[in-house]
Amino acid sequence: MKIWKSTGICVMALFAGTSMAFADVVVSEAWVRGTVKGQTETGAFMTLKSSEPTQLLHVTSPVAKMVQIHEMSMTAGMMKMRPIKALKVPANSPVKLQPGSYHVMLMGLSKPLSKGELVPLQLTFATKDGIKSTVDVTAEVHDLAQANPPMKMDGMNMSQ
């Protein structure tokens, strides 16, 4: 009995000093660049905003065999694209995934994507405390040639 009480006090003290942050993430303006016959890769773009610091860790979609988070940068006059492990999303500061910058690569597409189609995406986020949450997003396919489509909110919200 004495051990149980002692353990209980330790556990309560541990919880009292711990604060868990749950991030509310809003995903807006989600869209995917259209493709042509034979093209097996394309980009998905959106704006991410979180109430707490968080990271985009992973994205999946049933239309692609593999999905990666990428960044583009200029090095010695050459545009370079590479996958990253996570994308930081600061608290209350929107992060835009857009052509020529951060974006999501959909690779190994099962078929061409045409204007007006809807592409499901599932985004996995983690807070600094390691709390993971997902956001399901439906992104509309836009014309292949359209670099910056009109602003359109699809208002996906996520909370733990």
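This report walks through the overall fold, one buried serine and the salt bridges of a predicted model.

## The chain at a glance

We're looking at a chain with one helix and 11 strands. The helix comes at the start: reading from the N terminus, the order is α-β-β-β-β-β-β-β-β-β-β-β.

Of the 160 residues in the chain, 37% are buried. The chain exposes about 9,600 Å², and carbon and sulfur atoms supply 59% of that area. As for how the sequence folds back on itself, take the contacts between residues at least 6 apart in sequence: 69% of them join residues at least 24 apart.

## A closer look at S50

S50 sits in strand β2, which covers residues 41-50. Its relative accessibility is just 2%, so it counts as buried, the cut-off being under 20%.

What does the S50 side chain have for polar company? A polar atom of that side chain lies 2.5 Å from the backbone oxygen of E52. Leaving aside residues up to four places away in sequence, S50 touches A23, D24 and V25, and also V89, P90, A91 and N92.

## Salt bridges

The structure holds four salt bridges. One of them pairs the side chains of E71 and R82, with N to O at 2.5 Å. E71 belongs to strand β4 (residues 64-75) and R82 to strand β5 (residues 78-83), so this pair ties together parts that are 11 residues apart in sequence. The two partners differ in exposure class: E71 is buried at 17% relative accessibility, while R82 is partly exposed at 46%.

Another salt bridge joins E117 and K111, whose closest N and O atoms are 2.5 Å apart. Here E117 is partly exposed, with 24% relative accessibility, and K111 is partly exposed too, with a relative accessible area of 40%.

## A bridge between two loops

Then there's K115 with D143, a salt bridge in which the closest N and O atoms are 3.9 Å apart. That value falls within the 4 Å cut-off, so the pair counts. Where do the partners sit? K115 is in the loop between β8 (103-109) and β9 (118-127), and D143 is in the loop between β10 (132-142) and β11 (156-158). The pair thus links distant parts of the chain, 28 residues apart.

Are these two residues buried or exposed? K115 counts as exposed, at 60% relative accessibility, whereas D143, at 35%, counts as partly exposed.

How values were computed: Residues numbered from 1 in each chain as written. Predicted model: local features only at pLDDT ≥ 70, side-chain atom pairs only at ≥ 80, totals over all residues. Heavy atoms only, no water. Helix = DSSP H or I, 4+ residues; strand = E, 2+ residues; numbered from the N terminus. Buried < 20%, exposed > 50% of the residue type's maximum accessible area, 1.4 Å probe, protein only. Contact = heavy atoms within 4.5 Å. Areas by Shrake-Rupley, 256 points an atom, 1.4 Å probe, with all protein chains shown as cover. Polar contact = N/O pair within 3.5 Å; in protein donor to acceptor, adjacent residues only side chain to side chain.
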